[in-house]
Each structure stands twice: as C-alpha cells, then as structure tokens.
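Student: Please take a close look at how helices pack against each other here, and then turn to the aromatic rings. I should like the cut-off behind each term.

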Amino acid sequence: QETMFEHAFRALDLVDGLEMSRAKAEVLLDVAILYTLAADQERAIELASEARRGAEALDLAELEARALATIGASRTLSGDSGGLEDLRRSIEITEEIDSPLGSQHLGMLADVECSLGHLADCFELQARAREHAERFGHTAHIQWLKAERVAECYWTGDWNVAVALADGFLSEAESGSGHFMEPYCHAVRGRIRLARGELADALDDTLQAVEKARDSGEPQMLCPALAVRARALVAAGARDDAAQAAEELLALWTEKLDLF
C-alpha cells in the first residue's frame with residue numbers, strides 16, 4: 001500500500017515539465033507542506049515559491065495566499081523571522097478576497113508567534129481566527145479554535161476555565177464522531193491535574209492523550225502527548241514506563257527528520 005508521501009511524489013512527477021496551471025501549483029504546494037512537516041524547509045520553500053510565482057501569473061489570489069503561508073511557516077521554522085511577513089501578507093490576501101482560509105492562516109501565524117514566546121500576539125490572532133471561522137461557519141476550524149482556547153487559559157493561569165473548556169470540548173467530541181484536537185485537550189488538562197497533584201486523573205488524561213494521538217497518526221499530537229505522559233509516569237514512580245514513553249518520543253523525532 002502506497003504511503004501519502006509516495007502518492008505525493010508520484011503527483012509531482014506527473015506535473016514535472018508541464019506548463020504552470022492551477023493543478024500543478026496545488027501539487028507543488030501539497031508536496032511543499034509535506035517537506036515542511038519533514039523539517040526540510042529549504043525544499044519546502046523552493047516548491048512553495050514556484051507555486052507562488054505560478055499563482056501570481058495565473059491571477060489565483062487564494063492559491064498565492066496558500067503559497068505565502070507555506071513559505072512563511074517554513075522560513076520561520078528555519079529561524080528566518082522574515083517568514084512572519086509572508087504569513088501576514090497571506091492573511092491580508094485572504095481578507096481582501098474574503099476567503100474562508102483566513103482563519104487557517106491566522107491560526108498558522110498564531111502558532112508561530114506562540115513558538116517564539118509571543119503569547120499575547122498568539123491569543124489575539126486566535127481570537128481573530130475565531131471570528132473568521134464563525135462568520136464562514138467553518139465547523140472544523142471553530143472546534144479547533146475552541147481547543148486552542150483551552151491552552152490559552154492554561155498559559156494565562158486561568159486553570160479552572162481551562163479545565164471547564166476541556167471538559168466541554170471532550171464531552172462534545174466523544175458524543176459525536178471525535179475530533180483531531182482531543183489528545184491536545186487531554187494533554188493540557190493532564191498538565192493541570194499533574195500540577196495540582198491529582199495524579200490518578202493526570203495519568204488517565206495523559207494515557208488517553210497518547211492513545212488518541214496514536215490512533216490519529218499525527219506526530220504533532222503524539223509528541224507532546226508522550227512528553228506529558230512521561231512526566232506523569234515519573235511522578236507516579238513508574239520510571240521504566242516513563243523511559244519507554246521518552247524513547248518513543250525521541251524515535252518519532254528521528255523518524256520525522258527522515259521521512260523521505
């Protein structure tokens with residue numbers, strides 16, 4: 001069975017040498033995003049830049065915005081703060097053309113600002129993203145940003161609200177078809193419970209965070225879940241199990257850097 005990466009590279013081979021078109025630009029962008037996830041930012045920027053040039057030539061504003069967002073994310077992950085301007089420009093374009101991608105790009109910039117320690121900017125951008133998502137009725141983004149609000153309350157010290165929001169989010173997700181951000185909310189609630197000395201509940205939350213993240217197959221969810229799980233296991237005196245969680249985390253990071 002072919003992997004997502006194998007399908008993506010087959011698509012890239014198919015458009016190689018063809019004149020620029022919407023389809024080719026979209027393929028270039030899809031593969032660029034995979035390179036971003038694999039931490040090969042140089043190649044990601046190269047492909048996204050080619051897609052941007054094509055989008056500009058074809059007057060495809062929304063595709064140009066997507067390309068700028070990918071370039072911006074890759075540049076900032078490479079330590080190039082100029083990527084912030086690319087992300088801001090991508091947001092400007094989505095707002096100029098009234099695109100529903102605005103909430104996604106605002107969320108991407110918020111993630112970058114968070115990683116740089118600019119939490120106030122991050123939370124302001126997430127609030128703007130919520131407004132966009134609600135205006136367009138983008139259910140997936142609305143739910144995603146509800147989960148991000150849990151983390152905002154955690155980082156600002158409003159832990160009672162964070163737990164209440166996590167409770168509501170998880171209850172809603174579990175009564176429906178689930179949600180990508182479930183492990184995220186379990187991990188944040190687990191951190192709070194661990195800090196409060198509620199060890200049994202923290203162990204339960206962190207276990208669910210790991211299991212749900214593993215089921216999702218998303219490393220960006222599984223890595224932080226394993227980290228907080230290891231901390232909870234150390235607190236419980238289960239050092240061997242904690243070491244196993246830490247070893248799995250390190251293996252995932254190694255795998256992430258060698259996806260191709």
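Tutor: Helices are DSSP runs of H or I with at least four residues, numbered from the N terminus, and their axes are lines fitted to C-alpha atoms over the stretch in contact, with angles from 0 to 180 degrees between N-to-C directions. The model is predicted, so local features need pLDDT of at least 70 and side-chain atom pairs pLDDT 80 or more, whereas totals for chains, interfaces and linings use all residues. Residues are numbered from 1 along each chain as its sequence is written, and side-chain values use heavy atoms, without hydrogens and water.

The axes of helix H4 (residues 61–77) and helix H6 (residues 102–115) come within 11 Å and cross at roughly 10°. H4 is therefore roughly parallel to H6 (an angle under 35 degrees). Ala65, Arg66, Ala69, Ala73 and Thr76 of H4 meet His105, Met108 and Val112 of H6 in this contact (heavy atoms within 4.5 Å). By class, the contact of H4 with H6 holds five nonpolar residues, two polar and one charged (Ala, Val and Met are among those counted as nonpolar, Arg among the charged).

As for the aromatic rings, the whole structure holds three aromatic pairs (ring centres within 6.5 Å, with the six-membered ring used for Trp). Tyr154 and Trp155 are edge-to-face, at 4.9 Å centre to centre and 70° between the planes (over 60 degrees). Tyr154 and Trp159 are instead stacked, at 5.7 Å and 5° (under 30 degrees). Ring pairs thus join Tyr154, Trp155 and Trp159 into a cluster. Within this cluster Tyr154 is buried, at 15% relative accessible area (under 20%, with a 1.4 Å probe and protein chains only). Trp155, at 46%, is partly exposed, and so is Trp159, at 25% (from 20% to 50%).

Terms used
Helix = DSSP H or I, 4+ residues; strand = E, 2+ residues; numbered from the N terminus. Parallel < 35°, antiparallel > 145°, perpendicular 65-115°, else oblique.
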